[in-house]
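Please open the model in your viewer and keep the sequence panel beside it. The tour below goes from one selection to the next and says what is found at each stop.

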Amino acid sequence: MQIADLRDSSPGMLSGGQQKRVALAAALAMQPDVLLLDEPTSGLDPAGRADVLAALADLRRAYPVTVIMAENDVEVTVEFAARVVVLHAGRVARDAPPCEIFREIAWLDEIGAPIPPAARLAAMLRAEGRDVEFLTLAQALAALGDSPGA
């Protein structure tokens with residue numbers, strides 16, 4: 001979790017991202033098969049958010065643990081999730097990879113679910129006949145090129 005340098009720090013002196021990484025490390029010390037996280041990036045600044053997401057990505061690569069995360073930030077969802085479960089009216093309404101979930105723009109709008117801006121842009125471009133598929137700004141730039149005329 002990249003926290004060895006925090007060993008002698010007082011918990012109250014840690015940043016939000018550092019506190020969350022310490023909490024993740026404590027949970028991982030129990031060697032769970034499943035890790036349940038409730039909005040692990042909430043309340044963090046962009047740097048703290050990036051740190052926690054990087055730590056979670058490293059965790060998934062290094063250990064055979066399933067990560068189940070409740071997350072309202074769609075940007076975190078599309079960056080991290082292999083599958084997205086959309087809950088609506090107390091029930092599972094959809095369960096699919098992010099690329100499938102965020103192609104259903106009209107339905108997501110209908111139920112009031114958040115949509116990544118890049119996914120909405122991709123849907124608009126597809127409606128105009130462009131063959132594009134992206135969910136994040138980085139993916140959009142790669143697909144469209146970063147020049148103004150692209």
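Begin with Gly129, which comes just after helix H6 and takes a positive phi of about 95°. The model on your screen is a predicted one, and residues are numbered from 1 along each chain as its sequence is written.

From Gly129, step back into H6 itself by selecting residues 117-127, and colour Ala118, Ala119, Ala122, Ala123, Leu125 and Arg126, which are the buried residues of this helix. If you then look down the axis of H6, these buried residues fall within an arc of 165°, so they line one face of the helix. An α-helix has 3.6 residues a turn, so residues three or four places apart point the same way. Now turn to the face of H6 that points away from the buried side, where you will find the exposed residues Pro117, Met124 and Ala127. To see what the buried side packs against, add helix H5 (105-111) and helix H7 (137-144) to the selection.

Next, select Thr77, which lies in helix H3 (residues 74-80). Is Thr77 buried or exposed? Its relative accessibility is 14%, and because buried means under 20%, Thr77 counts as buried. Once its neighbours within four places in sequence are left aside, Thr77 is in contact with Glu71, Val84 and Phe102, so show the side chains of these residues as well.

Two loop residues come next, and each has a positive phi although it is not a glycine. Glu39, with phi near 45°, has its place in the loop between strand E1 (34-38) and H2, and with a relative accessible area of 24% it is partly exposed. Ala89, with phi near 55°, sits in the loop between strand E3 (84-88) and strand E4 (91-96), and at 70% relative accessibility it counts as exposed.

For the last stop, select helix H1 (residues 16-28) together with helix H2 (residues 46-62), whose axes come within 8 Å and cross at roughly 20°. Angles under 35 degrees count as roughly parallel, and H1 and H2 are therefore roughly parallel to each other, while their crossing is right-handed. On the H1 side the contact is made by Gly17, Lys20, Arg21, Leu24 and Leu28, and on the H2 side by Gly48, Asp51, Val52, Ala55, Leu56 and Leu59. Colouring this contact by residue class shows six nonpolar, two polar and three charged residues.

Note on methods: This is a predicted model: local features need pLDDT of at least 70, side-chain atom pairs count only at pLDDT 80 or more; totals for chains, interfaces and linings use all residues. Side-chain values use heavy atoms; hydrogens and water are left out. Axes are lines fitted to C-alpha atoms, for helices over the stretch in contact, and angles run from 0 to 180 degrees between N-to-C directions. Helices (H or I, at least four residues) and strands (E, at least two) are DSSP runs, numbered from the N terminus. Angles under 35 degrees count as roughly parallel, over 145 as roughly antiparallel, 65 to 115 as roughly perpendicular and the rest as oblique. A crossing is left-handed if the near helix is turned anticlockwise from the far one by less than a right angle, and right-handed if clockwise. Contact means heavy atoms within 4.5 Å. Ala, Val, Leu, Ile, Met, Phe, Trp, Tyr, Cys and Pro count as nonpolar, Asp, Glu, Lys and Arg as charged, and the others, Gly among them, as polar. Buried means under 20% relative accessible area, exposed over 50%, partly exposed in between (1.4 Å probe, protein chains only). The arc is that of the directions from the helix axis to the C-beta atoms.
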